[in-house]
Amino acid sequence: MGAEYYCYTSDITCSFPVNGKFTPEQKVIYNAVLKSSRAVMNAVKPGISWPDMHILSERVLLEELKSHGLVTGDIEEMLKARLGAVFMPHGLGHFMGCDVHDVGGYPEGVERSNEPGLRSLRTGRSLEEGMVLTIEPGCYFIAPVLEAAFENPELSRFMCREAITRYMNSGGVRIEDDIAITADGMELLTCVPRTVDEIEAFMAKARQPQSETTKM
């Protein structure tokens, strides 16, 4: 979702539980993605490589999955094997302007990676002040992708099949925010409920019947 202002676009993704309450498994995955998102927000500034931010988002996500027993082993080895792309098979974000997925991601001299996950990035550039783009890490449990990974010894050595199977019905989570790069960091342009508590409170309030005064 997102508004358009004087032909300039926005792009926001929220992941809310349909019944208003996160299951324990959904909460684990949601908080992992949120932590990944906020780690990138804390790191972005002019001169920072966008592919490096993608790797950072994967690192935080894998650390969280490891802490809850879904993966095991050395995080740096997981990153080298591109395990992050099994759970986040898309790029971290994209430019925005007069188009939602704006142009300019790969100008002359900027090469696209061929590695899983990284090849899905819509830009390989370093950040500059004034750039507007999305930060949208995700974590998905896609059966065909996971089954292929289980059959790959380079990936399966890190994966705890029994634990991952318990999360299969969780589907996936993506959190997409819009930011503008400033001289020394970024400005967050998104204003929506983001924490588990904020989302559950928002959905509970939305269920409350309207008063007669409100209805009028």
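Contact means that heavy atoms lie within 4.5 Å. The model is predicted, so that local features need pLDDT of at least 70 and side-chain atom pairs count only at pLDDT 80 or more, while totals for chains, interfaces and linings use all residues. Residues are numbered from 1 along each chain as its sequence is written, and side-chain values use heavy atoms, with hydrogens and water left out.

**Exercise 1.** Find which residues leucine 65 is in contact with, and place this residue in a nonpolar core.

*Solution.* Leaving aside neighbours within four places in sequence, leucine 65 touches Ile29, Leu70, Val71, Phe87 and Cys139. A nonpolar core is a set of buried (under 20% relative accessible area, 1.4 Å probe, protein chains only) Ala, Val, Leu, Ile, Met, Phe, Trp, Tyr and Cys residues joined through side-chain atoms within 4.5 Å. The largest such core has 35 residues, and Leu65 is among those with the most contacts inside it, as are Ile29 and Phe87. The helices (DSSP runs of H or I, at least four residues) that each supply at least two residues include H2 (50–67) and H4 (84–87), and the largest share, six residues, comes from H1. A second, separate core of 18 residues includes Val60 and Ile135.

**Exercise 2.** Work out which strands stand at the edges of the sheet.

*Solution.* The strands (DSSP runs of E, at least two residues) form an open, antiparallel sheet of three in the order S1-S4-S5, where pairing requires at least two bridges found by DSSP. Strands S1 (132–135) and S5 (186–188) each have a single partner strand, so one side of each is left without a neighbour in the sheet. Strand S4 (residues 177–181) pairs with S5 over three bridges, and alanine 180 stands opposite glutamate 187 in S5.

Notes:
Buried < 20%, exposed > 50% of the residue type's maximum accessible area, 1.4 Å probe, protein only.
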